[in-house]
Amino acid sequence: MHFTGVSHLPVIKLNYGMKNKKILISGASIAGPTLAYWLHKYGFNVTVIERSPGLRLGGQNIDVKGPAKEIALKMGIAEKIRALNTTEVGLRFVNSQNQTLAEFPAESSMSMTQELEILRGDLVKILYDHTSEDVRYIFGDRIIRLDQTEDEVEVLFGSGKKDKFDLVVSAEGIGSGTRDLAFGSRPCYKYLGLHTAYLTIPKKITDSRWARWYNAPKGIVFMLRPDNYGETRASVTFLAEENEYRDLDEQAQKKALIKRIQGAGWESERLIEGIGESRDLYFERVSQVKADRWSKGRVVITGDAAWCATPIAGKGTDLAMAGAYILAGELSKAEHHEEAFGNYEKIMRPYVEKCQKLPPGIPGIVYPESKWGIALLNQCIRVAGSKPVEWLLKLFSGNSKEDKKEIMLPDYENNTASGMKE
Ligand SMILES: Cc1cc2nc3c(=O)[nH]c(=O)nc-3n(C[C@H](O)[C@H](O)[C@H](O)COP(=O)(O)OP(=O)(O)OC[C@H]3O[C@@H](n4cnc5c(N)ncnc54)[C@H](O)[C@@H]3O)c2cc1C
């Protein structure tokens, strides 16, 4: 376990009634550090705890667009994100012979590649670096017990340490343990019929600055994308029963994955080798979190812990950063935490519901099992601009190239509220 934390960010004291209110955020990925930035800026005393011994820097390309881009600009990190661009120039759909069926350059209105395209790990590092001097970070520990009284939350950590906080936020991602501890049960998970694996593999001659998408038989999609470190980011997504790969350790996951993609053609042999040697494999069911409430007393949830929309929706970063910004802003201007939590939910929930809505036909149309289904999909893909392709790209890019705003972010820096009085 180690700690970091001093002070340098300009602080806007909006929480006049609640100065130095002590807040614990659990989870140091995207939602947690974004929330920490804004809470510190509004004058709160913030600690972030992360279960892993260090930042978890794995993952594929993610986009900073829509509300996430607006918030990155407000935070002054947009140029840092741009500087770490993944270098991807667009997306090519290929067949089993690696022939291009259709290509969508980054500049095209239908591309999946965004202006601020960055590796997930690079964004996590930027957010951490931007906050680590002002916020106390604790790595390698986690919350194991929460006791709420009327005025505070007593927290027991896995390390045996105890502390008291005014509020606790879980930003622990889809499987959040603190959420379940505080709420007394798990929220509803909507399984989408797919499992997905992300890993980094060595670059090969067939890789270029184009991302490649290949539909293999038996409902498998391989995607290979360039990164800015001279390696290739791979994803393998496939149809599976919900509990088919449950409770497997990493070695067992690797074995099961290799078995699932054996004989899938294209560059599957290379992927099998990559899986065997991988040191950053992330393997998950693709499920949405549907929580009917986001707070209980002094504990509140945000990011994937509250509303995971899945990578299929292309909205993970938009939602995580928007939720963090709104939660912090509402806490800065409300008189009581219940009021802030209520407003946070009122603003975010319609946006979450919109992002979680997937078109009918998922996963069957995008992940066809039969050769006939693949041939049909490939035929559609060849007709660039055809409705099915437009629909597919909009789906995976989060419909982001359109300028229309999906959520209006409130302007908290100019709010005139008198702040929390409790
Ligand atoms: C390693 C990793 C790789 C990912 N790769 C991709 C990807 O390639 N593409 C994609 O679209 N999405 C990916 N995601 C998910 C993506 O980060 C989220 O969908 C989104 O950005 C919302 O982030 P979040 O901060 O809410 O949650 P997450 O990003 O899931 O982060 C949750 C954080 O909380 C920590 N944590 C969990 N439990 C506890 C606990 N009990 N106590 C303390 N800390 C805890 C985790 O270690 C993690 O750092 C990945 C997530 C992780 C953790």
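A residue is near a molecule if one of its heavy atoms lies within 4 Å of it. By that rule 26 residues surround the ligand, and S29, A31, E50, Q60 and D304 come nearest. A word on the source: this is a predicted model, where local features need pLDDT of at least 70, side-chain atom pairs count only at pLDDT 80 or more, and totals for chains, interfaces and linings use all residues. Residues are numbered from 1 along each chain as its sequence is written, and side-chain values use heavy atoms, with hydrogens and water left out.

**Around the ligand**

The shell is made up of 9 nonpolar, 10 polar (Gly among them) and 7 charged (Asp, Glu, Lys and Arg) residues. Strand β3 (45-50) and helix α9 (316-333) each give at least two residues to the shell; helices (H or I, at least four residues) and strands (E, at least two) are DSSP runs numbered from the N terminus. The table lists polar backbone atoms beside the ligand.

| Residue (backbone atom) | Ligand atom | Distance |
|---|---|---|
| I30 | oxygen | 3.1 Å |
| A31 | oxygen | 2.9 Å |
| R51 | nitrogen | 3.1 Å |

Taken alone, the ligand exposes 920 Å², and the protein buries 91% of that (Shrake-Rupley method, 1.4 Å probe).

**A look at M223**

M223 sits in strand β15 (residues 220-226). Its relative accessibility is 9%, so M223 counts as buried (under 20% relative accessible area, 1.4 Å probe, protein chains only). Beyond its neighbours within four places in sequence, M223 is in contact (heavy atoms within 4.5 Å) with Q60, L91, M112, R212, W213, R233, A234 and S235. F93 is 130 residues from M223 in sequence, yet their C-alpha atoms are 9.3 Å apart in space.

Terms used: A polar contact is a pair of N or O atoms within 3.5 Å; within protein, one must be able to donate a hydrogen and the other to accept it, and residues adjacent in sequence count only if both atoms are side-chain atoms. Buried means under 20% relative accessible area, exposed over 50%, partly exposed in between (1.4 Å probe, protein chains only).
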